[in-house]
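Biologist: I am new to this one and would love a guided tour. Could we look at it together and talk it through?

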Amino acid sequence: MIPAPFQLGSLQIRPALVLAPMSGVTDMAFRRLVRECSPSAVGLVISEFISIEGLTRNDLRSHRMMRYDSGEHPIGIQIFGADIDRMVEAAVIAQETGVDL
């Protein structure tokens, strides 16, 4: 049985299954593989943890972790950190890439 779709703001997640964000696993290659091998398996994919410190300090590795393929939509970027101001700044950086969440 496939769960009913659900809403996150204006975004409808269909099917109502989310690819769990797994540190060191859910990079762009893995997410693309999931989408290509089983396009209707998940309704939303999420990136692995990305440090707000790396994003706001223009760390190349952190910015590479945020890359995604247009076929991955809907996609969310998962950021982590402790400083509220840097969290806001990192969220803006992520949002400017065109991700859905």
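**A walk through the chain**

Modeller: Happy to! The chain has four helices and seven strands, and please keep in mind that this is a predicted model.

Biologist: In what pattern do the helices and strands follow one another along the sequence?

Modeller: There are four helices and seven strands to place. Read along the sequence, they give the pattern β-β-β-α-β-β-α-α-β-β-α.

Biologist: How does the radius of gyration of the chain fit the globule rule?

Modeller: For 101 residues the globule rule gives 13 Å, and the chain comes close to that, so it is as compact as a globular protein of that length. Along the principal axes, the C-alpha atoms fill a box of roughly 45 × 25 × 20 Å. The radius of gyration itself is 14 Å.

Biologist: What share of the contacts between residues at least 6 apart joins residues at least 24 apart?

Modeller: One pair that links distant parts of the chain is R31 and E72, 41 residues apart. Among contacts between residues at least 6 apart in sequence, the share joining residues at least 24 apart is 65%.

Biologist: Which helix gives the most to the largest nonpolar core?

Modeller: In soluble globular proteins, nonpolar side chains tend to be buried together. Here the largest nonpolar core has 15 residues, and those touching the most other members include L19, V42 and L55. Both α2 (52–56) and α4 supply at least two residues of this core. With three residues, the helix that gives the most is α4.

Biologist: Which residues of α4 does L55 touch?

Modeller: L55 is among the core members that touch the most others. Leaving aside neighbours within four places in sequence, its contacts include I50, H63 and M66. Helix α4 spans residues 84–95, and the contacts of L55 in that range are A90 and I93.

Biologist: Which residues make the nonpolar surface patch of about 290 Å²?

Modeller: Helix α4 covers residues 84–95, with V88 among them. The patch of about 290 Å² is made by I84, V88 and V92.

Biologist: Is E72 buried or exposed?

Modeller: E72 sits in the loop between α3 and β6 (75–76). Not counting residues up to four places away in sequence, it touches M28, R31, R32, R35 and V45. Its relative accessible area is 1%, and since buried means under 20%, E72 is buried.

Biologist: Which residue meets E72 in a salt bridge?

Modeller: The partner lies in helix α1 (residues 28–37), 41 residues apart from E72. At 0% relative accessibility, this partner counts as buried. The side chains meet at 2.3 Å, N to O, and the partner is R31.

Biologist: Why are R32 and E36 separated by about one helical turn?

Modeller: Their side chains meet in a salt bridge of 3.6 Å, N to O. R32 is partly exposed at 33%, while E36 is exposed at 58%. The separation is about one helical turn because the two residues, both in helix α1, are four residues apart.

Biologist: Which residues are linked with E53 in a network of salt bridges?

Modeller: E53 and R57 meet in a salt bridge of 2.9 Å, N to O. E53 counts as partly exposed at 30% relative accessibility, and R57 as exposed at 54%. In the network, E53 is linked with R57 and R86.

Methods:
Residues numbered from 1 in each chain as written. Predicted model: local features only at pLDDT ≥ 70, side-chain atom pairs only at ≥ 80, totals over all residues. Heavy atoms only, no water. Patch = residues over 30% accessible without salt bridge, like charges linked within 9 Å, V, L, I, M, F, W, Y side chains within 5 Å. Areas by Shrake-Rupley, 256 points an atom, 1.4 Å probe, with all protein chains shown as cover. Salt bridge = Lys/Arg side-chain N within 4 Å of Asp/Glu carboxyl O. Core = buried A, V, L, I, M, F, W, Y, C linked by side-chain atoms within 4.5 Å. Buried < 20%, exposed > 50% of the residue type's maximum accessible area, 1.4 Å probe, protein only. Contact = heavy atoms within 4.5 Å. Rg over C-alpha atoms; globule rule 2.2 N^0.38 Å.
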